[in-house]
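Biologist: Could you put the structure up so that we can go through it together?
Modeller: Of course, here it is.
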There are 2 protein chains.
Amino acid sequence: MKKHIVIGQAGGPTSVMNASLIGLIEKVYKDHKLTFSVGGYEGLAYANFIDDSIKNIEKIKQYKQVPGSCLTSGRFKIEDSTIVSACQNLKKIGADVLVMIGGNGSMKALQLIGCYAKTFNLDLQTIGIPKTVDNDLAGTDHAPGFGSAVRYVAQSVKDIGYDLASMQNFEQVRIIETMGRNAGWLTAGAGLYKQYGFEAPHTILLPETQVDSRQVLDEIKKTIELYGYSIVVVSEGVNWEHNQYRQIVNGREVLGGVARNIVKTIQNNLQVHARAEILGMNQRSSSIFVSDQDFYEAEHAGKYAGILINEGRTEEMVTIERLSTAPYHVKMGGISLTTVANGGEKVMPKEFIKNRDKYYKWLSPLVGPENYLSPPSLFRKEEKYASSFHQS
Amino acid sequence: MKKHIVIGQAGGPTSVMNASLIGLIEKVYKDHKLTFSVGGYEGLAYANFIDDSIKNIEKIKQYKQVPGSCLTSGRFKIEDSTIVSACQNLKKIGADVLVMIGGNGSMKALQLIGCYAKTFNLDLQTIGIPKTVDNDLAGTDHAPGFGSAVRYVAQSVKDIGYDLASMQNFEQVRIIETMGRNAGWLTAGAGLYKQYGFEAPHTILLPETQVDSRQVLDEIKKTIELYGYSIVVVSEGVNWEHNQYRQIVNGREVLGGVARNIVKTIQNNLQVHARAEILGMNQRSSSIFVSDQDFYEAEHAGKYAGILINEGRTEEMVTIERLSTAPYHVKMGGISLTTVANGGEKVMPKEFIKNRDKYYKWLSPLVGPENYLSPPSLFRKEEKYASSFHQS
């Protein structure tokens with residue numbers, strides 16, 4: 001049966017979000033009619049749609065390797081009035097299926113639209129495709145977008161560590177701030193490529209755990225004594241001295257800036273030189289850091305949404321179920337949107353926070369290997385105090 | 001004749017600075033005695049040396065793909081007293097040759113040490129190997145480290161552009177700040193991968209040209225009207241409304257922060273949402289962005305320093321001479337350190353500032369191709385106002 005499928009992308013994009021869209025199109029295009037919503041839920045509310053002309057489909061396909069969301073996604077307020085107009089517009093164009101590629105907020109909105117649709121006598125299948133760099137979506141082992149973001153953070157932190165180690169006679173501390181909101185998955189991922197104690201990161205601060213600033217200062221001091229420099233990675237969601245740091249963008253509170261405040265505390269308490277570095281949009285958009293496995297899973301999550309559609313499933317989000325870690329095997333599945341919504345923001349489990357090696361074993365297949373082998377040690381410290389060369 | 005060669009790395013590192021070091025070692029290790037200075041000029045002044053034991057050489061070689069400077073480089077004040085002790089220490093250990101891998105400041109210091117050495121009756125060959133991400137070294141077509149830094153900036157700006165285009169219903173402007181000090185080479189490189197008008201960057205602000213803030217605001221406004229979003233790339237050295245922005249790190253003025261001030265001006269004058277993004281240490285340390293050509297030239301600049309040593313040349317810096325751009329051919333050469341020092345900070349020539357295409361043609365072989373093909377256009381704008389799909 002030919003269905004009319006409306007497809008949108010919502011929320012902050014990732015570097016593999018278009019791969020999911022194109023995976024879905026490749027699976028359903030020849031059997032069904034497609035309509036694309038511009039700006040995610042905004043397009044539904046304002047009937048801003050794109051049809052599935054060959055020209056449009058060919059254009060979308062050219063976005064497969066391109067970061068961002070080619071239909072545009074963005075932020076849009078989901079409330080009674082906008083859900084009502086979304087349902088009216090979906091009914092008007094005769095939609096049978098609504099697919100949204102999105103994160104927590106988008107899955108909740110999709111569930112709501114599914115509920116409202118019934119009151120409009122609209123028989124609407126709702127299917128979600130997960131995406132998030134924060135990995136805070138419940139109901140799935142992990143979400144597409146996360147592995148590539150970790151690859152960016154882990155390799156960048158390791159690289160910046162070698163840079164700072166080189167500059168230790170000038171500057172000793174760098175506080176690197178990552179995305180992740182209230183979940184520490186991405187921040188903790190910063191240590192994935194660390195092989196030796198001297199390598200960055202030396203300290204990782206997660207939003208899931210109470211951060212004691214005096215303890216952090218002590219750790220920085222000890223790390224500098226040992227290795228000459230210290231790299232601290234901090235999640236944007238961390239409480240530092242009883243504050244979470246935010247900025248207002250377009251009336252919305254956006255986390256950010258804790259690293260600069262940690263630097264202030266360091267400057268007031270330690271005799272070292274420190275700077276903050278806020279890893280920016282590259283975390284979710286760097287195309288060169290896309291992990292092969294993440295790309296593959298993103299594309300297949302899109303295709304699997306097509307399978308769920310053909311099976312007549314509804315109110316479900318595509319999931320990635322892990323069958324085994326070594327060797328790495330996953331399969332796609334579906335889970336009720338209500339379960340996802342009720343799961344809230346999925347933070348790191350205690351077993352991963354306590355046992356970082358266990359986490360990295362779990363994480364590694366999603367991210368892939370590091371870019372160079374770690375050298376066995378640093379030169380400066382050991383040589384300076386042990387075997388400096390003097391010819392008398 | 002077996003010579004005693006002292007080797008150091010100085011200044012801010014690059015992602016290919018170790019490749020130069022190891023290129024040099026591979027060329028000279030079997031014929032000469034080597035000593036390594038820890039922390040660049042600091043190691044010379046304080047006799048902090050590492051010998052060429054097999055263990056040390058094997059360890060250094062493992063740093064070939066690692067960013068930073070494995071001997072440590074850093075910042076060190078070059079003044080009369082430190083130059084005198086450097087010369088005394090070089091004499092004490094019986095140095096015949098001093099090789100420094102560094103930028104502008106390091107080449108000037110090397111020239112000074114060469115001058116002072118004569119007054120100490122020290123017959124010292126001085127050879128410099130260029131490195132800089134800013135490309136502000138005179139006397140050479142370009143310097144190792146620059147191509148990889150451009151690759152990071154150009155691809156990141158293009159990627160972040162697609163991210164912001166996706167988010168345009170939430171945020172319309174991003175001001176991206178790059179390194180480069182008083183030279184715009186790296187900043188201008190941000191546009192290398194731009195193929196279509198809608199792609200980032202839309203505006204580039206160089207330190208070489210007078211920036212008119214009202215004109216910039218107008219350009220941002222027009223760009224948003226055309227494409228829905230605007231990406232401005234600004235050099236850290238740009239004057240914005242009569243100010244250069246700096247922070248103090250370890251008593252040294254470090255450029256930085258102009259992007260945040262441009263955002264303030266935008267917020268006060270335009271009805272759009274803007275954020276600053278400061279591209280950080282990744283510009284000079286991201287290992288995954290290393291350009292093949294840059295790595296190759298860095299390694300060969302090291303090897304060529306070995307050739308200059310064997311030929312008995314002195315007071316020279318290795319240069320890269322461009323023979324042709326298409327096809328790209330270069331050869332290595334040597335130029336007097338005095339010429340380099342007198343050349344000062346090499347800014348972009350007017351012909352490149354006026355004719356950006358000419359610059360990108362010159363630049364492209366050092367950086368390599370982009371990571372994905374540009375799709376032919378954006379969806380949102382044209383579709384929204386031209387052919388929105390409505391079924392009545």
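Modeller: What follows is a walk through a predicted model, beginning with the interface and moving on to salt bridges and single residues.

Biologist: How many residues of chain B are in contact with chain A?
Modeller: There are 82 residues of chain B in contact with 82 residues of chain A, and the two chains bury about 7,300 Å² between them, with 56% of that area on carbon and sulfur atoms.

Biologist: Why quote an area at all?
Modeller: The accessible area lost when the parts come together is often used to give the size of an interface.

Biologist: And what operation superposes chain B on chain A?
Modeller: A rotation of 180° with 0.0 Å of shift along its axis does it, at an RMSD of 0.0 Å, which is the relation of a two-fold axis. In addition, 100% of the interface residues of chain B are interface residues in chain A as well, so the copies meet through the same surface.

Biologist: What about polar interactions, how many salt bridges and polar pairs does the rule find across that interface?
Modeller: For salt bridges the rule finds 2 across the interface of chain B and chain A, whereas for polar contact it finds 33 residue pairs, both residues being at pLDDT 80 or more. The largest share of the side of chain B that touches chain A comes from helix α6 of chain B, residues 146–166, with 10 residues, and that side as a whole divides into 30 nonpolar, 31 polar and 21 charged residues.

Biologist: Which residue forms a salt bridge with A:D163?
Modeller: That is B:R284, and the closest N and O atoms of the pair are 2.7 Å apart.

Biologist: Staying with helix α6 of chain B, what does B:S156 touch there?
Modeller: B:S156, which has its place in that helix, is in contact with A:N282 and B:F289 once neighbours within four places in sequence are left aside. The side chains of B:S156 and A:N282 are joined by a polar contact of 3.2 Å.

Biologist: Is B:S156 buried or exposed?
Modeller: B:S156 is buried, because its relative accessible area is 1% and the cut-off for buried is under 20%.

Biologist: Let's change topic, how many salt bridges does the structure hold over all chains?
Modeller: The count over all chains is 34. One of them joins B:E199 and B:K158, with the closest N and O atoms 3.3 Å apart, and this pair links distant parts of the chain, since B:E199 sits in the loop between α7 (185–189) and β7 (203–205) of chain B while B:K158 is in helix α6 of chain B, 41 residues away. B:E199 is buried at a relative accessible area of 1%, and B:K158 also counts as buried, at 1% relative accessibility.

Biologist: What does the salt bridge between B:K158 and B:E370 look like?
Modeller: Their side chains meet at 2.3 Å, N to O. B:E370 lies in the loop between α14 (356–367) and α15 (380–385) of chain B and B:K158 in helix α6, so the pair ties together parts that are 212 residues apart in sequence. B:E370 itself is partly exposed, with a relative accessible area of 22%.

Biologist: Which residues are joined into one network by salt bridges that share partners?
Modeller: The network consists of A:E26, A:K64, A:E299 and A:K303. Elsewhere in chain A, the side chains of A:E253 and A:R246 meet in a salt bridge of 3.4 Å, N to O, where A:E253 counts as partly exposed at 48% relative accessibility and A:R246 as partly exposed at 41%.

Biologist: Where is B:A190 found, and what does it touch?
Modeller: B:A190 is found in the loop between α7 and β7 of chain B and counts as buried at 2% relative accessibility. Not counting residues up to four places away in sequence, B:A190 touches B:V153, B:A154, B:V157, B:P201 and B:V233.

Biologist: One more, what surrounds B:G102?
Modeller: B:G102 has its place in strand β4 of chain B, residues 97–102, and counts as buried at 0% relative accessibility. Beyond four places in sequence, the residues touched by B:G102 are B:A10, B:M107, B:I129, B:P130, B:K131 and B:L137. The C-alpha atoms of B:G102 and B:T132 are separated by 7.2 Å, with their positions 30 residues apart along the chain.

How values were computed:
Residues are numbered from 1 along each chain as its sequence is written. Chains are lettered from A and ligands numbered from 1 in the order in which they are written. This is a predicted model: local features need pLDDT of at least 70, side-chain atom pairs count only at pLDDT 80 or more; totals for chains, interfaces and linings use all residues. Side-chain values use heavy atoms; hydrogens and water are left out. Contact means heavy atoms within 4.5 Å. Buried area is the accessible area (1.4 Å probe) that two parts lose on being put together, summed over both. A salt bridge is a side-chain nitrogen of Lys or Arg within 4 Å of a carboxyl oxygen of Asp or Glu. A polar contact is a pair of N or O atoms within 3.5 Å; within protein, one must be able to donate a hydrogen and the other to accept it, and residues adjacent in sequence count only if both atoms are side-chain atoms. Helices (H or I, at least four residues) and strands (E, at least two) are DSSP runs, numbered from the N terminus. Ala, Val, Leu, Ile, Met, Phe, Trp, Tyr, Cys and Pro count as nonpolar, Asp, Glu, Lys and Arg as charged, and the others, Gly among them, as polar. Copies are superposed by least squares on the C-alpha atoms of residues with pLDDT of at least 70 in both. Buried means under 20% relative accessible area, exposed over 50%, partly exposed in between (1.4 Å probe, protein chains only).
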